[in-house]
Amino acid sequence: MSQPQAALAESTERALDSSHPPWYVVHTKPRHEQTASDNLLRQGYEVYLPHIKVIKRVRGRQQALQEPLFPRYLFLQPGSAALSIAPVRSTLGVSTIVRFGQVPALMRAETVQGIRAFEASRNAVGDDKLSPLQEGVRVRIVDGLLAGLEGLISDVSRQRVIVLLQLIGKDTRVSLSRHQLAIAY
């Protein structure tokens with residue numbers, strides 16, 4: 001038996017073990033993870049939609065936001081042994097249940113616990129540690145008199161970032177606001 005077939009057989013065997021109900025992987029419609037989650041919860045399923053904190057530029061400012069860890073995916077368990085997964089496909093916000101051939105993709109409880117632990121640790125980190133603006137990173141100034149110049153971050157504080165710029169043949173330290181900077185690619 002090949003490795004994928006063995007994994008599939010193990011997955012199916014685990015699904016039949018009533019002491020550990022399986023976690024199914026659900027593929028949602030674009031940006032409808034929360035809609036699908038809400039509707040599945042209303043139907044009696046246990047739903048897990050992991051979110052992580054990310055730093056995004058919104059209206060020129062860096063802001064901490066919560067986003068799905070796996071865009072367009074969530075995990076679900078039937079709320080009871082009698083609850084079928086058949087209605088899931090027709091639930092508002094759901095695209096399909098992920099399958100390998102005709103067999104639904106199943107996840108072990110340990111894997112879901114690992115994802116929960118990662119989610120908790122990532123969300124506990126301070127915003128300053130999540131920011132891409134870290135010491136040693138090359139940045140481009142996107143706002144102000146020095147817009148268009150590139151430099152290297154030498155120091156980061158809560159409100160200001162010190163950038164080393166090559167001006168008139170020498171390194172010059174310039175203090176800038178976070179919203180004035182973008183990562184140089």
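Below are some short exercises with worked solutions on a predicted model.

**Exercise 1. Work out how the open sheet is put together, and find its edges.**

Solution. Start with the strand order. Five strands make up the open sheet, and reading across they run 13-12-11-10-14. Their pairing is antiparallel. Now look for strands that pair on one side only: these are strand 13 and strand 14 (181-183), so they are the edge strands. As for the twist, neighbouring strands in this sheet are turned by 45° against each other on average, if you ignore direction.

Next, zoom in on one pairing inside the sheet. Strand 10 (residues 138-141) and strand 11 (residues 150-156) run antiparallel to each other and share three bridges. To find that register on your screen, pick R138: its bridge partner in strand 11 is L152.

**Exercise 2. Describe how strand 12 connects to strand 13.**

Solution. First, the pairing: strand 12 (residues 160-167) and strand 13 (residues 170-177) are antiparallel partners over eight bridges. Second, the register: L167 has K170 as its bridge partner in strand 13. Third, the turn: two residues sit between the strands, which form a hairpin. Check the backbone there and you'll see that I168 has a positive phi of about 50°.

**Exercise 3. Decide whether S177 is buried or exposed, and list what it touches.**

Solution. Locate the residue first: S177 is part of strand 13. That strand is one of the two edge strands of the sheet. Then take its relative accessibility, 13%. The cut-off for buried is under 20%, so S177 counts as buried. Now for the neighbours. Leaving aside residues up to four places away in sequence, S177 touches R61, Q159 and R160. There is also a polar partner close by in sequence: the side chains of S177 and H179 make a polar contact at 2.9 Å.

**Exercise 4. Find the aromatic pairs and classify each one.**

Solution. Searching the whole structure turns up two aromatic pairs. You need two numbers for each, because a ring pair is described by the distance of the centres and the angle of the planes.

- Y48 and F75: the centres are 6.1 Å apart and the planes make 25°. Planes under 30 degrees apart count as stacked, so this pair is stacked.
- F70 and F75: the centres are 6.0 Å apart and the planes are at 80°. Over 60 degrees counts as edge-to-face, so that is the label here.

Put the two together and Y48, F70 and F75 are linked into a cluster by ring pairs.

How far apart along the chain are Y48 and F75? They are 27 residues apart, with Y48 in strand 2 (residues 46-48) and F75 in strand 5 (residues 73-77), and the pair links distant parts of the chain.

Finally, check accessibility. Y48 is buried at 5%, and F75 is buried too, at 4%. F70, at 31%, is partly exposed.

**Exercise 5. Identify the charged group that sits over the ring of Y48.**

Solution. Go to the ring of Y48 and look for a charged end above it: that of R116 sits there, 4.1 Å from the ring centre.

**Exercise 6. Place T111 in the fold and gauge its distance to W23.**

Solution. T111 belongs to helix 3 (residues 109-124). With a relative accessible area of 38%, T111 is partly exposed. Along the chain, T111 and W23 are 88 residues apart, while their C-alpha atoms are separated by 9.6 Å.

Terms used:
Residues are numbered from 1 along each chain as its sequence is written. This is a predicted model: local features need pLDDT of at least 70, side-chain atom pairs count only at pLDDT 80 or more; totals for chains, interfaces and linings use all residues. Side-chain values use heavy atoms; hydrogens and water are left out. Helices (H or I, at least four residues) and strands (E, at least two) are DSSP runs, numbered from the N terminus. Buried means under 20% relative accessible area, exposed over 50%, partly exposed in between (1.4 Å probe, protein chains only). A polar contact is a pair of N or O atoms within 3.5 Å; within protein, one must be able to donate a hydrogen and the other to accept it, and residues adjacent in sequence count only if both atoms are side-chain atoms. Contact means heavy atoms within 4.5 Å. Axes are lines fitted to C-alpha atoms, for helices over the stretch in contact, and angles run from 0 to 180 degrees between N-to-C directions. Rings of Phe, Tyr and Trp (its six-membered ring) pair if their centres lie within 6.5 Å; planes under 30 degrees apart count as stacked, over 60 as edge-to-face and the rest as tilted. A charge sits over a ring if NZ of Lys or CZ of Arg is within 6 Å of the ring centre and within 35 degrees of the ring normal.
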